[in-house]
Structures are given as structure tokens and as C-alpha cells.
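This report looks at how the interior and the contact surfaces of one model are put together. The sequence and structure come first, and the description follows.

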Amino acid sequence: MRKKRKQSRLLEVWHQLKKNKVAVVALFVLVLLFLVAIFAPYLAPHPYEKQNSKLANAGPSREHPLGNDRLGRDILSRLIYGTRQSLQMGIVSVAIAAAIGILLGSVAGYYGGWVDNLSMRLLDIYQAVPMFLLSVSLAAILGPSLRNAIIALGIGTVPGYARIMRASVLTVREKEYVEAARAINASDIRIIFKYIIPNSIGPLIVQITMGVGSCILAGSALSFIGLGVQPPVPEWGAMISDARRVMREHPTHALYPGLCVMISVLACNLLGDGLRDALDPRLKN
Amino acid sequence: MDEKLLEIRNLAVEYHTDEAVVYAVNNVNLTVKKGETIGLVGETGAGKTTIARSILRILPPPTARIVSGEILFNSTDLLKLSEKEMQKVRGNKIAMIFQDPMTALNPIETVGFQIAEAIQRHNKITHFEAEKRACDMLEMVGIPMERYSEYPHQFSGGMKQRVVIAMALSCNPELLLADEPTTALDVTIQAQVLDMMESLKKRLGTSVVLITHDLGVVADTCDSVAVVYAGEIVERGTVEHIFDFAAHPYTLGLFGSLPQLDSKERRLKPIKGMMPDPTNLPPGCRFYERCPEAIKECAEAPPPDVEVAPGHTVKCIRVKGDAA
Amino acid sequence: MTPLLEVRNLKKYFKTRYGLLHAVDDVSFTLDRGKTLGVVGESGCGKTTLGRTVLHLTEPTDGQIFFEGRDIMYPKKRELRKLRENMQIIFQDPYSSLNPRMTVSEAIMEPLILRGGMSNDEMLAETRKLMDTVGLASRFENSYPHELDGGRRQRIGIARALALKPKFIVCDEPVSALDVSIQAQIINLMLDLQEEFGLTYMFVTHDLSVVKYISDEIMVMYLGQVVEKAPSDELFANTLHPYSKALLSAIPIPNIHKKRKRILLRGEITSPVNPKPGCRFMARCDYAREECNEPQVLEESSPGHFVACCRYKEIMTS
């Protein structure tokens with residue numbers, strides 16, 4: 001019975017979201033990208049690493065609808081496989097960042113005082129270094145690989161989440177139900193996890209959705225400069241980087257992965273926008 | 001003296017949301033005479049504020065709809081005016097003050113400037129003259145004019161409400177709509193503000209529609225009363241009639257549930273149950289479910305307005321039965 | 001018999017940018033089992049802080065608190081846990097005092113879960129019993145607070161406070177946010193519960209007419225201090241302190257035949273930051289004189305009736 005209630009809450013949000021056609025399209029695109037990532041081996045017409053020097057830089061053909069890259073690999077297959085890395089980079093790194101950010105933000109916001117001061121000043125220092133520069137240096141130190149790129153991106157974007165969470169917690173902390181919880185002997189940990197976080201996470205959900213987009217973008221950038229996914233594993237950013245050398249003769253080599261990045265980032269942002277409206281109770285009526 | 005200033009006829013307002021239609025105001029008839037203070041009494045969600053907002057046509061635009069009715073102000077139907085003409089009425093002929101004085105003032109302008117601006121919006125006078133009149137207004141509501149150039153945050157709640165009242169009265173409106181003007185204030189401050197409003201009313205001859213849930217405030221300040229329940233006016237009459245010869249079971253219930261200072265009883269007599277859901281109103285009397293006097297016929301058709309004494313009407317079929 | 005609660009010279013000061021704010025300043029009272037103490041005053045008089053300080057929701061600055069004869073001024077963590085099972089609070093705003101993410105039954109069950117020692121089924125049964133006690137239909141058990149009206153929400157708050165079977169409950173303006181017809185329902189419910197469970201209330205409110213109904217004794221506070229304290233009937237029959245008089249006269253009564261003279265106070269309540277030692281009401285008082293600059297002490301004018309005004313005798317006769 002109780003599960004049913006929680007479901008109906010989700011249903012309510014979906015109900016609101018449904019009204020925003022753009023957001024629904026964005027959600028559809030993202031679901032599609034997920035499916036593509038999961039079923040890549042079945043969808044891709046060719047193995048992504050199979051080279052064919054005869055077909056190097058070949059144009060579109062019936063066999064290879066988007067043509068072949070400079071090593072004669074099928075671009076469509078590489079794009080399809082690339083979805084996996086890009087989505088991973090977007091989602092896992094945001095999950096890391098949000099988890100740390102939520103914890104840090106709610107502890108700082110709930111306890112206030114010196115705990116708050118200390119963590120916020122640390123974040124100030126952290127944010128004095130540009131986020132991308134930080135990720136680049138981290139990735140460089142850890143060594144280039146998909147996993148390290150994800151860690152670098154995750155750690156690099158913590159401050160944004162922590163700050164939004166803290167601001168949100170500061171208002172929730174003053175609510176009487178938090179005091180009521182203390183009056184019935186709830187421990188700080190319980191208060192933070194059952195009272196504070198569920199009630200202050202709203203603004204963060206939008207940030208998280210949009211964060212996925214920006215991490216896909218940043219991940220592509222890392223791969224573009226060679227600090228992310230390593231060849232021959234395909235990734236959109238790396239593909240663009242790869243296509244640089246033949247940019248003038250075969251601009252489509254860079255265009256296709258570029259479009260993929262653009263579409264997925266746009267979808268995340270639009271969905272985030274839609275969610276913001278759907279989650280805002282003031283807009284309900 | 002008995003000239004009608006405002007007459008509301010068969011007003012109905014609905015709020016349309018995705019899920020349902022809220023029937024906020026249903027067939028309300030109300031007359032405000034010149035110089036009169038009329039109290040709109042009722043509980044949260046009864047539709048008091050919606051009535052006041054319809055008069056000024058400041059209902060929230062996408063959802064609210066005035067379905068039918070006429071609002072005659074000096075014999076012109078406000079609902080037929082163009083938006084531009086309406087702007088000349090708002091703040092000038094009819095002014096409104098809200099419950100929360102904190103949100104009614106712009107925090108980054110001085111209070112004097114805000115009053116002067118309100119005056120200039122409706123009068124063709126120089127800024128210097130407007131300033132002078134703003135000073136007069138401040139003095140009139142009991143704020144020394146030295147505070148002209150202070151900002152809202154430097155004022156306490158009661159003082160802010162005075163500023164808001166000064167602003168509302170600055171263009172000499174003929175009608176003032178006051179939506180719970182003292183609810184957010186402490187009792188001693190409320191007493192000060194009510195006292196001030198009373199003397200201002202006497203001086204300026206403004207008619208006032210006072211929206212409140214506090215029957216005590218009504219007894220102190222109003223000439224006549226309209227009791228609002230579930231979007232309808234269930235009883236209206238002069239303050240003497242309502243307080244001494246209340247006839248509608250809801251009005252009687254309201255008086256019964258009030259804790260009274262001079263009563264010796266240890267128990268209150270609450271009205272059982274709650275107001276009906278405004279999206280799903282019963283077909284008959286809206287008070288049927290909670291009414292101690294209810295009979296079968298009450299649930300069948302909406303009760304008519306019964307005039308029990310001149311100017312005192314009650315929406316209840318039982319009353320008619322008693323009189324007959 | 002020892003009183004249930006005894007508070008002696010309780011002080012709670014807050015540090016602010018402008019100086020020391022004397023929120024509760026030297027307040028003493030005793031409260032017997034099954035009785036109700038009404039604490040009345042306007043916003044900023046320290047009545048809410050007083051309630052929270054007694055419950056250790058904010059730590060007191062100085063003074064003594066005894067609960068059932070035991071000193072609970074500086075309780076250890078475990079003592080405090082035990083204490084909170086005996087002392088509970090009902091909040092003013094039924095909208096913000098309930099976690100919006102918890103269903104009705106979850107909210108009421110929460111204190112039982114936190115105390116522990118009950119199986120899930122036992123807790124659920126107890127929750128249903130509590131809902132029944134406060135008059136909440138069982139069909140609401142899976143509703144969320146935002147789906148309910150103010151009166152029902154306040155019933156949830158009351159059920160939550162009752163869950164651990166406390167002896168003492170601080171009621172912090174429990175009916176101020178409710179409509180009159182609902183307000184009467186809740187007040188009657190609280191009176192019923194007091195009778196049924198032998199509860200002791202500290203009823204904090206700004207509404208003198210409500211407090212009269214429920215209190216045995218009333219304490220009027222002004223800027224952190226008690227200005228007058230008397231049995232309920234005595235206070236209304238024989239109001240002594242100029243502030244209590246003004247407060248009483250300011251209440252609009254719903255009766256058109258009793259036109260009373262309102263005592264209009266000058267000015268507004270100031271803030272108790274770094275107050276002067278004299279009477280804090282002096283600046284607004286019509287009776288103020290030279291001697292009001294001296295600290296005022298509570299004097300017993302008649303048995304059980306205390307007033308902190310050096311001129312009360314003259315006022316009484318005038």
C-alpha cells in the first residue's frame with residue numbers, strides 16, 4: 001500500500017511533465033540513447049575496431065551509411081558504441097559528484113557554524129581553480145582512461161551540487177518538523193537522511209539532469225585532448241579529435257559525433273528545464 | 001445616505017485547473033452603500049478574497065474565470081470596462097490592502113517615495129506636490145513625516161500596515177477593500193490600526209469592505225455583515241441583526257465555536273465536520289452535512305434567500321418554515 | 001506532593017549583532033500534575049522560547065528546571081532521551097511541523113520507531129489507536145500532509161506528541177493557524193485528552209480568549225519577563241498590570257452591546273536587546289513614574305496573584 005503512494009508521487013510528476021512537449025521529446029531521446037548503448041552490439045552493423053584500408057575516408061555507401069573514417073572503420077558503428085562511453089561519463093560522474101555534494105551540502109547546512117564555514121571556504125578554494133582545468137589536471141595525474149576521466153569529472157563538479165544543496169538545506173533546517181524530530185529523539189543522522197535530504201533535494205534534481213549533459217560535453221572534451229577514452233574504443237569526443245586531421249576534406253567525420261554530443265546535451269538540458277517546472281509545486285495549479 | 005456605491009449581482013467565479021473546476025464564488029449578491037463598512041466574514045477558502053479580487057479584476061489570470069454576474073460601481077459595470085479603463089479605477093477609485101504588509105511594499109524604495117508615486121500615477125501633479133501630499137498622508141496614519149525617506153525594513157509590522165493604508169488612501173478612493181488588514185499584527189497593534197482606520201473612515205467618508213475571520217473585529221468596526229460559506233453569502237444584514245438575531249445555522253455555529261472572554265463555560269461548541277470540497281459542491285444547501293437543523297429537503301435544492309427582516313436575508317429553508 | 005514541573009529563575013539569552021537579547025529573563029513558575037499553565041504575550045515576548053527552553057530544544061543560559069523533583073537543567077544525552085518521552089511539544093503551524101515526505105501513519109509512528117522495543121505490527125496497531133484517539137479516520141493513514149486541511153494536520157501533530165505517552169506537553173500556539181470552527185474542535189480535543197490521560201499542559205498563545213478556556217493559571221509575559229501571574233479567573237476578574245489591562249482591552253469581542261473603552265498603547269513592542277534594569281513596559285505605560293526605573297519584582301497582591309509593577313496598588317484603587 002505504501003509503495004503505491006510513492007508511485008503515485010512519481011506519477012504526479014510525470015503528469016506535470018507530460019504537458020511540456022519539448023521535455024517529453026527530450027526524455028524520449030534520452031531513453032533512445034540508453035537503449036542504443038545497451039544494445040550496441042546488436043545494432044551496430046560492423047565491429048567498431050575493424051579497419052579496412054581500402055575504405056579509408058570512403059563516403060556513404062549501402063554497406064556503411066555514414067561512411068568510413070581515416071582508418072576505414074565504420075562511422076555508424078563507432079557512433080553507436082560511443083554512446084556507451086559518453087553516457088557512462090555523463091551519468092557516473094554526475095552520480096559521484098551529486099553523492100558527495102549532497103552529503104557535504106547537507107552536513108554543512110544542517111550543522112552550520114564552523115563546520116559550514118570550513119567546508120564552504122574549502123569549496124571556495126576548490127572553485128578558484130576552473131572546473132575543467134581541475135578535471136584535466138586530475139585526469140592527467142591519474143592517467144588517461146575512461147574510469148579516471150569519470151573520477152576527474154565527478155570530483156571536479158562537486159562544488160556546484162554542494163552549494164545548491166546547502167542553500168536548500170538552510171531553509172529546510174528552520175522548518176518546525178525538524179525541531180519536532182529532535183523533540184522525539186531522532187538522531188542527527190536520521191534527521192539528515194529522513195527529514196533534510198528528501199525535502200531539500202528538489203532543486204538539485206534539475207541540476208543533476210543538466211549536469212549529465214555538461215559532463216557528457218566535458219567528457220568529450222577530455223577525450224578530444226586525449227585524456228579520456230583511449231583508442232581503439234570509440235567515444236564521440238575522441239572521434240571528433242580523430243577527424244580533425246581530415247576536417248577539410250571530410251567534415252562529416254567530425255559533424256556526426258558533434259551532432260550526437262549536441263543532441264544528448266540538449267536533451268538533458270531540456271528535460272532538466274521540464275523537470276524544474278514539473279517539480280515546482282507552485283506551478284501545479 | 002442610502003446611495004448604493006457598489007452592487008454585485010449574481011457573481012460567479014471559477015478556477016479551472018487541469019484536474020478539476022473549483023467553484024470559488026457562486027451567485028453572490030452584495031450591496032455596499034456610500035460611507036458604509038461591510039464585513040465579509042468566513043473561514044479560509046470560503047471565497048472572501050476571491051470576491052474582493054473580482055471587484056478589482058485582479059484574479060490570477062490563467063486559471064480564474066468570472067463566469068457570470070455584474071459588478072456595478074457607481075452604476076458602471078466594472079466587468080465590462082476595458083483593461084485601460086480599469087487601470088484608472090484601480091488604486092484611484094477603489095483601493096485594496098492585503099493581509100501581509102511585508103510583501104505589499106517595495107523593499108528598495110523609501111516609503112515616502114512609494115506613496116508619492118501612487119499619488120502621481122493617478123493625478124496630474126508635480127512630484128513636489130505629490131511629495132507634500134505623501135507627507136500629509138503619513139501624518140494622517142500616525143507616522144511622523146520625518147520618516148518619509150526611510151525604507152520598509154526600518155518599519156515594524158504595524159507601521160508597515162499604516163504605510164500600506166496611507167498608500168491605499170492617498171488617492172481618496174471611494175471604496176477600500178481591506179483583506180484581513182490586521183490578522184498579521186499583535187492585538188495591541190491591531191487595536192491601534194483599527195482605531196486609526198475608524199477615524200480615517202469618519203474623516204474621509206470612504207466605504208470599506210473588510211474581509212476578516214474575526215467576528216470581534218466585525219463587532220468593533222462594521223455597519224453591516226455578510227457571512228460567506230463555500231462561495232455563497234449565507235446570511236447578510238446589519239451588524240445588529242447578525243449579532244442579535246443570527247438565523248443561519250452556520251452563523252450560529254460560528255458564534256458558538258468562538259471562545260468568549262465573558263463566558264463561564266468550559267466547553268466550546270464547535271461545528272462538526274468541515275467545509276465541502278469546492279470542486280465537488282453538494283447540490284442542495286452547502287451547509288447540509290454539518291448542519292444540526294438539517295432536514296431531507298435541504299439536500300435537494302439550493303436554498304433561496306429568505307428575508308427575515310428588512311435588509312436581513314438568510315439562505316436557509318428552515319428559517320422560512322419557522323416564520324411561516 | 002512535588003509539582004510536575006518547577007522552573008526557577010530561568011534565563012535564555014541570545015547573542016545578536018546588536019548585543020545580548022534577553023529572550024527569557026528570570027522566569028519562575030511551578031506546574032502541578034494535570035493542570036494547564038497559559039503563557040500569554042505578543043510576538044517577541046519570549047513565550048515560545050520559554051517553552052522550547054524547558055524542553056531543551058534550545059539550551060537554557062541560566063536557572064534551574066526540575067521535572068518530578070529531579071534537576072534536569074543539564075541532562076546527559078541518555079537522560080534527555082528519557083526525558084523527551086515524558087515531555088512533548090505541539091507546534092503552531094500544522095503546515096510546517098510535518099515532514100511533507102512522510103505519510104500520516106509514518107509521522108505518527110516515527111516516535112515509536114525511535115524509542116524502539118516494539119514490533120512492526122505492534123507499532124502499526126498503536127498508530128491506528130492514536131489516530132482514533134485524536135479523531136483521524138483510518139482512511140487517511142497513507143495520505144500525505146499536503147492532502148489534508150489544517151485541522152486534520154494539527155491532529156497528526158497531536159497524535160505524534162501523544163505517541164510516547166508523555167506527562168507534560170508544551171502547546172505552542174496550537175490553534176492560532178486554524179479557523180474558528182476547527183479551532184473549537186481542537187481545543188475540545190485537547191481538553192478531552194487532558195482528562196483521559198491526566199496530561200499537564202503549558203499552553204503558549206497570544207490569544208487571551210483561547211487561553212481562558214483551557215488554563216488553570218495564566219502568566220502574562222512582556223519582553224522576556226513575567227509581568228503578571230494569577231489563576232485564570234482571578235486574572236480576568238482582577239487585572240492589575242497596566243500591560244495585561246491593555247492586552248485584555250485590545251481583544252475585539254464579538255458582542256456589539258459591550259462597547260468597552262480600548263486602552264490604546266503608545267508605540268510598539270521594542271526588542272529586549274541589552275534592556276535597562278527598570279520596568280520594560282515603562283515607555284508605553286500611562287502610569288510610568290520615576291520609581292519605574294528601578295527593577296520590578298513580582299509581588300503577591302492576593303493569594304496566588306503576582307504582579308510586577310511598583311504602582312499596582314494605586315492602579316487597583318483608581
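How many residues has the largest nonpolar core, and which residues have the most contacts inside it?

## The nonpolar core

In this predicted model, the largest nonpolar core has 257 residues, and those with the most contacts inside it are Val209(B) and Ala159(C). Helix α4 of chain A, spanning residues 75–111, gives the most to this core, with 14 residues. Because domain 1 (4–93 + 173–323) and domain 2 (109–172) of chain B both give residues to this core, it lies between them.

Around Ala159(C), when its neighbours within four places in sequence are left aside, the residues in contact are Ile108(C), Leu130(C), Met131(C), Thr133(C), Val134(C) and Leu136(C).

## The two domains of chain B

The centres of domain 1 and domain 2 of chain B, taken over C-alpha atoms, are separated by 30 Å, and 15 residues of domain 1 are in contact with 15 residues of domain 2. On the side of domain 1 that touches domain 2, the largest share, seven residues, comes from helix α7 (residues 187–204) of chain B. That side of domain 1 has 11 nonpolar and four polar residues, with no charged residues.

## Where chain C meets chain B

Between these chains, 30 residues of chain C are in contact with 37 residues of chain B. On the chain C side, the elements that give two or more residues are α6 (180–197), α7 (208–214) and α9 (242–250) of chain C, and α6(C) gives the most, with six residues. By class, the side of chain C that touches chain B has 16 nonpolar, eight polar and six charged residues.

Key. Residues numbered from 1 in each chain as written. Chains lettered and ligands numbered in written order. Predicted model: local features only at pLDDT ≥ 70, side-chain atom pairs only at ≥ 80, totals over all residues. Core = buried A, V, L, I, M, F, W, Y, C linked by C-beta atoms within 7 Å. Buried ≥ 20, exposed ≤ 12 C-beta atoms within 10 Å, placed from the backbone. Helix = DSSP H or I, 4+ residues; strand = E, 2+ residues; numbered from the N terminus. Domains from an automatic or database assignment. Contact = placed C-beta atoms within 7 Å. Nonpolar A, V, L, I, M, F, W, Y, C, P; charged D, E, K, R; others polar.
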